[in-house]
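Here are some notes to read alongside the model. Keep the sequence and the 3D view open as you go through the points.

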Amino acid sequence: MCKDNEKVNCIGCGCCDGICGFGINVQKLMQLYDDFLDGREEEVKAQIAEIPEEHRPDKCFGCGRCQFACPENIETWKTLGKFAKLLK
């Protein structure tokens, strides 16, 4: 379940690597999301700024392919949407 302001605790297995048709590095963004919630907002924003714009959280269109690949069933696409809102 994807609750507001709750860390996702991605295990970093890499099952979602290369799944996104738009080239979004879901695993990295899940870690950055947790870091953001841990209070490292400025550090995370600096790292996001280094990611090409077309690969940032707000570019996810919610197909769910990454979630289907996730052995922990993290609602990655919903988390990316919440992360995009937090970054604004």
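Where does Asn-73 lie?

1. Let's settle that one straight away: Asn-73 sits in the loop between helix H3 (65-69) and H4. Bear in mind as you look at it that this is a predicted model. Asn-73 has a phi near 55°, a positive value in a residue other than glycine. Most residues other than glycine have a negative phi. As for cover, Asn-73 counts as partly exposed, with a relative accessibility of 47%.

2. There is another asparagine to look at. Asn-9 also isn't a glycine, yet its phi is positive, at about 55°. You'll find Asn-9 in the segment before H1.

3. Now step back to the whole fold. The protein has four helices and zero strands, and reading along the sequence gives you α-α-α-α. Its radius of gyration is 12 Å, close to the 12 Å that the globule rule gives for 88 residues, so the protein is as compact as a globular protein of that length. If you'd like dimensions, the C-alpha trace spans about 30 × 25 × 20 Å along its principal axes.

4. What about contacts along the chain? Take the contacts with a separation of 6 or more: residues 24 or more positions apart account for 67% of them.

5. On to the surface. About 5300 Å² of the protein is exposed, and carbon and sulfur atoms supply 48% of that area. Of the 88 residues, 32% count as buried. For charge, there are 12 positive and 15 negative ones, and their mean positions are 5 Å apart.

6. Which residues have the most contacts inside the largest nonpolar core? They are Val-26, Leu-29, Leu-32, Ile-48 and Phe-83, in a core of 17 residues. Helix H1 (26-37), helix H2 (41-50) and helix H4 (76-87) each supply at least two residues of this core. H1 gives the largest share, with six residues.

7. Val-26 deserves a closer look, as one of the core residues with the most contacts. Setting aside neighbours within four places in sequence, Val-26 touches Cys-16, Cys-66, Thr-76 and Leu-80.

8. Is Tyr-33 buried or exposed? Tyr-33 is buried, because its relative accessibility is 0% and the cut-off for buried is under 20%. This tyrosine lies in helix H1. From Tyr-33 to Ile-48 you move 15 residues in sequence, and the two are 10 Å apart in space, C-alpha to C-alpha.

9. Next, go to the segment before H1, which is where Val-8 is placed. Val-8 counts as buried at 17% relative accessibility. Beyond its neighbours within four places in sequence, Val-8 is in contact with Met-30, Tyr-33, Asp-34, Ile-74 and Thr-79. Val-8 and Leu-37 make a good pair to pick out in the viewer: they are 29 residues apart in sequence and 9.9 Å apart in space, C-alpha to C-alpha.

10. Cys-10 lies in the segment before H1 too. Cys-10 has a relative accessible area of 24%, so it counts as partly exposed. Its contacts, leaving out neighbours within four places in sequence, are with Gln-27, Met-30, Asp-34 and Ile-74. Put that beside the previous point: Met-30, Asp-34 and Ile-74 are also among the contacts of Val-8.

11. What does Leu-86 contact, leaving aside its neighbours within four places in sequence? The answer is Asn-5, Tyr-33, Phe-36 and Leu-37. Leu-86 has its place in helix H4. With a relative accessible area of 28%, Leu-86 is partly exposed.

12. Two distances help to place Leu-86. Cys-10 and Leu-86 are 76 residues apart in sequence and 18 Å apart in space, C-alpha to C-alpha. Leu-86 and Glu-50 are 36 residues apart in sequence, with 17 Å between their C-alpha atoms.

13. To pull one thread together, follow Tyr-33 in the viewer. Tyr-33 lies in helix H1 and counts as buried. Val-8, from the segment before H1, is in contact with Tyr-33, and so is Leu-86, which belongs to helix H4.

Conventions: Residues numbered from 1 in each chain as written. Predicted model: local features only at pLDDT ≥ 70, side-chain atom pairs only at ≥ 80, totals over all residues. Heavy atoms only, no water. Rg over C-alpha atoms; globule rule 2.2 N^0.38 Å. Buried < 20%, exposed > 50% of the residue type's maximum accessible area, 1.4 Å probe, protein only. Contact = heavy atoms within 4.5 Å. Areas by Shrake-Rupley, 256 points an atom, 1.4 Å probe, with all protein chains shown as cover. Lys, Arg positive; Asp, Glu negative; His and termini not counted. Charge placed at Lys NZ, Arg CZ, Asp CG, Glu CD. Core = buried A, V, L, I, M, F, W, Y, C linked by side-chain atoms within 4.5 Å.
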